[in-house]
Amino acid sequence: MLGLDRKDFILLLVVFALVVLAPFLLNPFPTNSAMAQFNAGYPDLMQRFVIFGIFAIGFNLLFGLTGYLSFGHAAFLGVGSYSAVWMFKLLSMSVVPAIIASVIASGIFALLIGYISLRRTGIYFSILTLAFAQMSFNLAYSVLTPITNGETGLQITLADPRILGVTATESGSIPVTNLLGAEMRSTYIMDVGTWAFQFNVGYYVCAAIMLLAFYVSVRIFRSPFGLMLRAIKANKTRLNYTGLNIRPYTLAVFVISGMYAGLAGGLMASMDPLAGAERMQWTASGEVVLMTILGGAGTLIGPVLGAGVIKYFENIFSKINSSVLESWFAFMPENMQHAAVYVSEHFVGPGWHLTLGLLFMLVVTFLPGGLVEGGQRLSRLFRRKPQKDAARDSTQSNPAE
Amino acid sequence: MSNRLTRRGVLRTGAVAGAGLAVPTIFTGSSARAYTNEPTGSSVTLGFNVPQTGPYADEGADELRAFELAVEHLNGGGDGGMMQTFSEKNLKGNGILGKEVKFVTGDTQTKSDAARASAKSMIEKDGAVMISGGSSSGVAVAVQGLCQEAGVIFMAGLTHSNDTTGKDKKANGFRHFFNAYMSAAALAPVLEKMYGADRKAYHLTADYTWGWTQQESIQAATEALGWETVNNVLTPLAQTDFSSYIAPVLNSGADVLVLNHYGGNMVNSLTNAVQFGLRDKQVNGKNFEIVVPLYSELMARGAGENIKGIPGSQNWDWKLENQMGDRYTGTNAFVQSFGEKYGFPPSQAAHTCYAQTLLYADAVERAGSFDPCAVAEALEDFEFDGLGNGPTLYRAADHQCFKDVVVVRGKENPENEFDLVEIVEVTPREQVEYAADHPMFAGGNLGACNSGA
Amino acid sequence: MDAIILQILNGLDKGSAYALIALGLTLIFGTLGVVNFAHGALFMIGAFIAVSVQKLLSLSYVTLDETRTDFLGNPVKVETPYVVEWFGPEVGATIIDWSVPIAILFAIPIMALVGYVMERGLIKHFYKRPHADQILVTFGLAIVLQEIIKHYYGANPIQTPAPDALQGSFDFGVLIGFDPNVIIYPYWRMVYFAFAALLIGSVFAFLQFTTFGMVVRAGMADRETVGLLGINIDKRFTFTFAMAAVVAGLAGVMYAPINSPNYHMGMDFLVLSFVVVVVGGMGSLPGAVAAGFLLGILESFASMNEIKSILPGIDQIIIYLVAIIILLARPRGLLGRKGVMEE
């Protein structure tokens, strides 16, 4: 089906189901229960899940297949965001030209950087990409402020021309991003009992693009081109001796990967029209590396899982403060409550970085293949259930190393 | 039925429990709801968005303390703090409009992206009707833009760039904190008194928006006194060692060094300047001097002894009422209740956040509604007193507060780590006021108030 | 001319910090084959040892002074450091004043222990794992370490001054015939440079003139063969790691007076020191040192007004620009060997 074998097709279906039903799956707790803190089914975070999923899928095409560890991928995300916001400023608030522009601009940028950086391999390649990205970040923050609006980030204003759209709405506000008139921000809330499920236009636009991006990545993994890339990872020297020039292949996948990053940046700007320079900082590049390794580099679904986990921690754990903790432990006697709050305080709220750091260490120590390996181990425990097995197996077909 | 919260861009269908899927309808504009996140239950949620990780985490923690204290006072707990001294008497300790005040917190990480993500989750998930906090201008401008689009009120925390209420001002955003122009206007006459009118200044400026506006402001103000500007050197934000920027200063003919740096940058550049022995030198027959236009008491601790005798400006200081008299009433009430609860005096960041929360609550009471447009109207051209800064005006034209500015100097013999600065003078409000269309603030447009309806 | 001399001095100083961190990093790369993202954290821990020793030495007992009141109206607490109580005001004050140099004595065993525990407890298990896994685990460790420091010391920088005798600056220009105040340089920075030179010298001497060092160098050249010779490479790995940790830690201790330490200073140095290591060439100790000083000096030159006025913003990117040019001109950095970390 769709040019995929059975396993891949089932995987695609599973991802499709997860993405479509995300508003339900991510909102398992009733709105006014104490556990509602853990609900992640609100538009902004769901959008982030799929957008960073796209970013990580693209990164994994380069790193997972060829083993080239780029430490500057955030630069492409940043370029994508800036291009998209400029489209909103100059052209119109429709997301279509913005997304197209972001993919093209980041593709060109990736071609330039890739052409130079791919002359080197291993850590030398990593440092070259890092250097380019840091230069972009530093310049965007300072000297290029007329283009990037520096520290504040590029925003749309009431003074923008928007030649194909309107400068301001009738009520005097800045118009909002839309796709054929459907506003990205509009949300439909469905109440079922005490649950509230949010269905957001922007999320489904991102989700559709993410499914497409995922499908393309599966096709690349399974194509002769993908095989060639894996051969590069396995043994570059041997390929060179057979008379093959590997540069065109690595450059091609580098540009594709950069375009994925640009697409993610364009979508971020489409959901929330602001592009900040810190999107290009090395920490942002490092984040996508961590997402990919955490989930399982070289696997199809791993990077998406990794992206989800890191964004979940960033957005949910950081918001748990001491008064929330107090309400959770309210059932305990007072002394125990204080003790429990005191201990758990270190891991949530301001301490969310600590939890994330511990998670990195635990996962990589005990699950060398990332979260995907965790899934595989679980599935081995439940061998008796064939349906689940099929889904897990297909993720397994591309081990990390 | 579960109409506990309403959210932006949303129609609540109110499906009967268990009835399951209602017909999905997507709304794009006009609908029946009154405004974003209208509180319908017995409580109202405010969102406090402060840096909890990164270099400004301690400043964020102090802001959060102030917010918690403000909520406690609004709900009738504690001693009421500045509610007793506030010139308006609408707040009775029964919440806001009788609704209990609840709050959610988030981490801005001092990055505009993360700050917007955090604010969005407060609006979309927690139903916050007002967002406050923050410790840098980049974040403030970014979150202010978001609140404008979402239709909630933004009560800025610590943000000092001219742009927040200048080029990037928004109808839904309000700033109580002072700005770079006011710092410069307040400092200049004091500098003249301290160092004379014949001085040559060398500027080191953090290479981003705030640094530029600060430098522009102080250069204009000091040149008006007759000072000469020898040079202005931009330094990278990520710089930690400023030695290569400071080394040439002494040989440039300048006799004053102005450090347009904030936070970690300020601590490092000041420490480096003192290391180079600049303050022990004589140039042009005068003592070499260093000026730090914006002081942050929390960060000043990191510079320790190096700040002794160095002048700068502050929005507020906890010793204000004791030293400058009753005009600054409210200060002691706030310091008292903050100190009782946490054991040390509050920072200016904490003060502005506390004041912003009370100002918002009071505006809601006067407007009789949480509707952002009604609240904004209540805040515009609002004159008040008793919040520690003396008589203050929230100007309608740009949503900037106008009040006296405190000029401070690093104390020679601090008694403890909270007593690092001494008040030199308070520059009266008239001297720091400017026209709304002043060139340094030009190019912006408040736009129309957005209630999300 | 004077400006150039001044910036060379500055560059040497910046360079010594880069070189010290890069030295340990490349030692770990070269011998253990581990990409250590927690190396910046070791530097940070070193700086916080200086902070802690300062706090420890100024540990005080509290007496209440009923004659004065604090801002809440309670009696003022007067703190008297124990060292002042024990050794008298003069000696006590001197001990507190010299806390940073004293911290060096503490830093050596503490950092060696930290290095030992890290290597035995964690890094050991990652020798055979892909570099990506090493990055993830050491990055995680770096976050955990800095969060622990943040928990105890807060996020603000903490001032850790140099001894009074070494504060202020030295007029270097007068010595070589310039006017006064043209080339001045702080005493502590000169101390830092001398200290770095000494430390780098001793590491090289150790590797060059001891049997142990010979084995380590042999291990860097060809780990497998050394293992085949029946040499217990494991023990030497642990020692090497501990040594790298001590070097990074001492660099941190001495750096504390230059810039007040804060919990994320390790991350600030991490990326730069990686660039330095790679520009120097993977696995090359002289390369790391040379690259450290080279980048330090170039960074200082780039911040000169004359250069900034021609190329605005050049000081923001100079290090990365130089790194790109060097890596394109010399595929393995300045002094790198073929085949190290090229996969």
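Start in chain A and select helix 12 together with helix 13: the two are oblique to each other, because an angle that is neither under 35, over 145 nor 65 to 115 degrees counts as oblique. Here the angle is about 120 degrees, with the axes 7 Å apart. For the selection, helix 12 of chain A covers residues 282–295 and helix 13 of chain A covers residues 302–316. Keep in mind throughout that this is a predicted model.

Rotate until one helix lies over the other, and you'll be looking at a right-handed crossing. Now show side chains. On the helix 12 side of chain A, pick A:E287, A:L290, A:M291, A:T292, A:L294 and A:G295. Facing them from helix 13 of chain A are A:G302, A:P303, A:V304, A:L305, A:G306, A:A307, A:V309 and A:I310. Colour that contact by class and you get 9 nonpolar, 4 polar and 1 charged residues.

Leave helix 12 of chain A on screen and add helix 3 of chain A, residues 43–66. How are these two oriented to each other? They are roughly perpendicular, with a packing angle of about 80 degrees and axes 9 Å apart. From helix 3 of chain A, select A:F52, A:F55, A:A56, A:F59, A:N60, A:F63 and A:G64. Their partners in helix 12 of chain A are A:V288, A:M291 and A:T292. This contact splits into 7 nonpolar and 3 polar residues, with no charged ones. A:M291 and A:T292 should look familiar, since they also turn up in the contact of helix 12 with helix 13 in chain A.

Time to zoom out to the whole of chain A. The cartoon shows 18 helices and 6 strands, and the C-alpha trace spans about 75 × 60 × 40 Å along its principal axes. Is the radius of gyration in agreement with a compact globule, or in conflict with it? It agrees: for 401 residues a compact globule would come out near 21 Å, and chain A has 22 Å.

Next, bring in chain B and look at where chain A touches it. The contact takes 49 residues from chain A and 53 residues from chain B. On the chain A side, helix 3 is back, one of the elements that each supply at least two residues. Also select helix 6 (122–141), strand 3 (182–183), strand 4 (187–192) and strand 5 (195–200) of chain A, which are on that list too. Strand 4 of chain A gives the largest share, 6 residues. By class, the chain A side holds 18 nonpolar, 21 polar and 10 charged residues.

While chain B is up, highlight residues 44–411, which UniProt lists in an unreviewed entry as "domain: Leucine-binding protein". That stretch of chain B is 40% helix and 19% strand, and its end C-alpha atoms sit 43 Å apart.

Now swap chain A for chain C. The contact between chains C and B takes 35 residues from chain C and 37 residues from chain B. Helix 1 (2–32), strand 4 (184–186), helix 7 (187–209) and helix 14 (314–329) of chain C each put in at least two residues. The largest share, 7 residues, comes from helix 1 of chain C. The chain C side divides into 13 nonpolar, 16 polar and 6 charged residues.

For the last stop, stay with helix 1 of chain C and add helix 10 of chain C, residues 233–255. They pack at about 170 degrees with axes 9 Å apart, which makes them roughly antiparallel. Among the residues to click are C:L20, C:L27 and C:I28 in helix 1 of chain C, and C:F237, C:F241 and C:Y255 in helix 10 of chain C. Recolour by class, and this contact shows 14 nonpolar, 3 polar and no charged residues.

Conventions:
Residues numbered from 1 in each chain as written. Chains lettered and ligands numbered in written order. Predicted model: local features only at pLDDT ≥ 70, side-chain atom pairs only at ≥ 80, totals over all residues. Axes fitted to C-alpha atoms, helices over the stretch in contact; angles between N-to-C directions. Helix = DSSP H or I, 4+ residues; strand = E, 2+ residues; numbered from the N terminus. Left-handed = near helix turned anticlockwise from the far one by under 90°. Contact = placed C-beta atoms within 7 Å. Nonpolar A, V, L, I, M, F, W, Y, C, P; charged D, E, K, R; others polar. UniProt positions renumbered as here; feature names shortened; annotations may be inferred. Rg over C-alpha atoms; globule rule 2.2 N^0.38 Å.
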